[in-house]
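Here's a quick tour for anyone meeting this structure for the first time. Have a look at it below, then read on.

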Amino acid sequence: MALSINLEDHYNYTLLEVRGKVDAATSQMLDRAIEAATFEGNQHLILDCSQLFSISSEGLRVLLNTRNSLTLIHSITLCNVSRSIHSLLELTGISRFINIAKDLDEAESMLFESNTDLDRISFN
């Protein structure tokens with residue numbers, strides 16, 4: 001199954017709708033889509049994984065590299081993650097470094113909370 005990624009700009013984040021499988025052959029496509037989304041200037045990325053069927057170690061590497069390359073004011077959040085992929089993220093420890101929300105509403109709430117926390121830090 002091929003991979004398709006749809007980018008959608010919102011007020012303070014970019015939504016990446018990921019469909020298909022992320023494996024060795026398609027991980028570079030995910031990497032380029034994330035790079036394009038961060039280049040556009042939004043501080044936060046939300047990856048909607050509702051149509052993500054599997055992710056290989058190469059895809060996990062892309063997620064970790066993305067998290068490591070983001071600055072303090074940037075974030076990456078996954079939402080609508082299937083049970084099997086969520087288990088993989090837990091098993092590999094990636095869930096300690098990347099936010100995982102149950103749905104898009106929760107992901108947006110997490111962004112609002114993190115922006116509020118950053119505002120408190122910058123004014124104190």
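## The sheet

Let's start in the middle: strand E2 (residues 13-22) and strand E3 (residues 44-55) run parallel and are joined by 9 bridges. One such link pairs Leu 16 with Leu 47 in E3. Helix H2 (residues 57-69) packs on the sheet, where it touches E2, E3 and strand E4 (75-79), and its direction makes about 170° with that of E3. Contact here means heavy atoms within 4.5 Å, while angles run from 0 to 180 degrees between N-to-C directions, along axes fitted to C-alpha atoms.

Zooming out, the sheet is open, has 5 strands in the order E1-E2-E3-E4-E5, and its pairing is mixed; two strands pair if DSSP finds at least two bridges between them. Strand E1 (4-9) and strand E5 (99-101) each have a single partner strand, so one side of each has no neighbour in the sheet.

## The whole chain

The protein chain has 4 helices and 5 strands, laid out along the sequence as β-β-α-β-α-β-α-β-α. Both are DSSP runs numbered from the N terminus: helices (H or I) of at least four residues, strands (E) of at least two.

## How far to trust it

This is a predicted model, in which local features need pLDDT of at least 70 and side-chain atom pairs count only at pLDDT 80 or more, whereas totals for chains, interfaces and linings use all residues. Residues are numbered from 1 along each chain as its sequence is written, and side-chain values use heavy atoms, leaving out hydrogens and water.

The chain's mean pLDDT (the predictor's confidence in each residue, from 0 to 100) is 87. Over residues 116-124 pLDDT stays under 50. Where pLDDT is low, the predicted coordinates shouldn't be read in detail.
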